[in-house]
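Grab a coffee and work through these exercises with the structure open beside you. Each one sets a task, then walks through a solution.

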Amino acid sequence: MPSSLNLNGLRVFRPAVYAEIDASALGGQSPSTGNVCIVGEFPSFKPSEALTFTSARSLVAYDASDAELALIGSIAFNPSGDERIPAGSASLTILNVQPSTQASVVFVDEDGDNALEITSRVYGARGNRATVAIAPINSDQVNVTIERDGISEVFEGIESGDLASAYYAGSLLDLVTLEANRTRALINWSQGEVMNAGAVAFDVSDMSSTGALDVELSTNAHANTVSVAIVGLDLAGASVSETLSFVAGDNASQTTAHSYSVISSISATSDDVAYAGEVEVSGEITLTCADYLTLREMMSAINALSGFSASYDSAQSYPAIEIDEIGSSSIVGVGNGAVFRADLYAIIQALAPSKLIVASRASGATKSVTQSAGNGAQTLRLSGGGEGATSLTNWSDALETIESSDIQIIVGWSSNIDHMNKIKSHLPLSARAGRERNAWLGTPANQSLSVVDASYAKLLNDRNIAIVGQSVEVIKPSGVRATLEPRYLALMLASMQAGSLVGEPLTRKRPNVLDVSGQWDGNRDASDAIRAGVVSLSYGPLGWRVERAVTTYRTDDNPIFSEVSANESINASVRDLRAGLDRFVGSANRNFTANRIKSIATALLNRQIQDGVIKNFRDIVLADEGDALVISYTVSAVEPLNFIRISATVQRF
């Protein structure tokens, strides 16, 4: 066999110059930073399901009546007026740990059956304050008004209109009825022919079928057997034929053994040439709504049936599976055409932009809400929203849901040490999932420094946890001055970390506070606070500022683990390196794989230096252990410049 070239797994035989470009060493992306998650009791949010916002406006839009959300948003996205803090949180995620339920209400149709379900967008008891009024304008249109906490939404003139119509336009079939719902459209038909001289042949031109046929005789006054022969195709398209026999005096209905997709011929014969009874053949046509993407397509299928006429009359497209129920009635003649509507679906779609509620089809609903103009408006209040007691298990379960989420900073919205310990337990689990992150926590207000030290910082003792204990005075979005608990300061500092470069210390940076209060003096007790692993604000020439952003790490005086910014530098470096190499997991470990991955790791670390994530690195060592490659490197974190020492030598000149 001629020689060949293996080019990315493809054997090439044709002579030529083939080239490959490997730029993987330059690939990847900058480490994700600046995403903050607040974890705590937020009963207006779905339990254990993180919801992310990218601006204060979008957070407020979740519940415009909730002043607390407006305050949190203003702090998270605008934590500092210091020019050295260019931004706030890149995104803010809310994670509710408290069990809570949604309020809801159901509107019924003309039969009293459930039709439209309205559910509060916000969870908890707040949803019980919402009311929904549905006012029929006429037999077709309704107005819907939704109100909660002074916010009102009005949706007017909602209807689908007459979307489509179908009728039987032929003359061969004697009876044709149609009934429809979201599952199917069912057409039943029958055709009778009178026997003459012992025989009759049907004109089957308008006969269509998707099932078995029923045959019966009008009277039993036949002296001999009447045989009805049917020829056609079954549902698989194969030719089938069968004969139904009605013995003398028998006219009971009989059903064919086969289901027919095509009826080619039907004929009846008997030796009783004097018998003049009628032979009636009945069948059905079933159109499954799910088989059609739109109602227009279903109408095209009906229109293609011989003798039938169907049209789609709406300028908008509606799904076939969303039609309102149509009761069985004759569709013989244009004046009896079945009219297809989807008013319930139209209401649901019209209410989709609501900021207060979510509209959906109630379970088993087939018709729209009552639309009789004489009934007046139905105004119903939502109910069933509530909150349950929060357990430590709720905290664990909620935190588990964000272990692999793109979050770099957590803010604990609780001053309970047991809850803080749940966050502490979460941090190594998220690191194991490839998402190293740190946390900011706040103690109860008005605690002495010794209590904060002994009851919180010393117990936590974690390089990824920073804690604060001072209350802060701010101006709320409403313009009112207010003193806030330490957890708000924790959010403020977490957001300042998120809005600055990786490794940028918060030391001497100024948060947006008017005043600070607590059981210790921010200036006089600054050294004690730092020694205790507590982040404290002190007063400087330009106002309140962070004295030093330290962690609660107390095991030793490790300069990296005890500084928030230096610790962040290492976390970001590892997170970025892992992300850059993750794509190689599952690939073959060939002879050149180790060197290739080492070169990519080197490129990633060099870029980290350029981006300011780390200060430097050296000594990359890669060990090939078969199905594992172990990468070791020495890294120099970006450390804060905490001290400048001036040495003055005094001499006479």
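**Exercise 1: a covered strand and its partners**

In this predicted model, I38 sits opposite I94 of strand β5. Task: find out which strands pair with β5, in which sense, and how well β5 is covered.

*Step 1.* Start from I38's side: strand β3 (residues 35–40) runs parallel to β5, and six bridges join the two.

*Step 2.* Now take strand β4 (residues 51–53), which pairs with β5 in the antiparallel sense over three bridges. Here L51 is the residue that stands opposite I94.

*Step 3.* Check the burial of β5 (residues 91–96): six of its six residues are buried.

*Step 4.* Split the strand by face. In a regular strand, side chains alternate between the two faces of the sheet. For β5, one side holds S91, T93 and L95, the other L92, I94 and N96, and all of these are buried, so to speak for both faces: both are covered.

**Exercise 2: an open sheet**

Task: work out the strand order of the four-stranded open sheet, and say which strands stand at the edges.

*Step 1.* Read off the order: β10-β9-β8-β25, with antiparallel pairing.

*Step 2.* Look for strands with a single partner. These are β10 (151–158) and β25 (378–381), so each has one side without a neighbour in the sheet.

*Step 3.* Add the geometry: from one strand to the next, the twist averages 10°.

*Step 4.* Zoom in on one pair. Strand β9 (residues 142–148) is joined to β10 by six bridges, and R148 stands opposite I151 in β10.

**Exercise 3: one side of a helix**

Task: list the buried residues of helix α3, then explain why they lie on the same side.

*Step 1.* In α3 (residues 295–303), the buried residues are L295, M298, M299 and I302.

*Step 2.* Their arc around the axis is only 100°, which is why they end up on the same side of α3.

*Step 3.* Ask what lies over them. The cover includes β11 (164–168), β13 (184–194), β20 (278–288), β21 (308–312) and β23 (338–340).

*Step 4.* F340 makes a handy cross-check: setting aside neighbours within four places in sequence, F340 has contacts that include L295 and M299.

**Exercise 4: the nonpolar cores**

Task: describe the largest nonpolar core and name the helix that gives the most to it.

*Step 1.* This core has 78 residues, and those with the most contacts inside it are L116, I118, I266, F308, F340 and L351.

*Step 2.* The top contributor is helix α4 (residues 343–350), with five residues.

*Step 3.* Don't stop there: a second, separate core has 47 residues, among them L484, L506, V513 and V535.

**Exercise 5: aromatic pairs**

Task: out of the ten aromatic pairs in the whole structure, classify F53–Y62 and Y553–F561.

*Step 1.* For F53 and Y62, the ring centres are 6.2 Å apart and the planes meet at 75°; edge-to-face needs over 60, so that is the class. Both F53 and Y62 are buried.

*Step 2.* For Y553 and F561, the centres are 5.4 Å apart with planes at 80°, so this pair is edge-to-face too.

*Step 3.* Compare burial within that second pair. Y553 has 15% relative accessibility and therefore counts as buried, while F561, at 26%, is partly exposed.

*Step 4.* Finally, follow the links: ring pairs tie F42, F45, F53, Y62, W413 and Y488 into a cluster.

Methods
Residues numbered from 1 in each chain as written. Predicted model: local features only at pLDDT ≥ 70, side-chain atom pairs only at ≥ 80, totals over all residues. Heavy atoms only, no water. Buried < 20%, exposed > 50% of the residue type's maximum accessible area, 1.4 Å probe, protein only. Arc of directions from axis to C-beta. Contact = heavy atoms within 4.5 Å. Pairing = 2+ DSSP bridges. Axes fitted to C-alpha atoms, helices over the stretch in contact; angles between N-to-C directions. Core = buried A, V, L, I, M, F, W, Y, C linked by side-chain atoms within 4.5 Å. Phe/Tyr/Trp six-rings, centres within 6.5 Å; stacked < 30°, edge-to-face > 60°.
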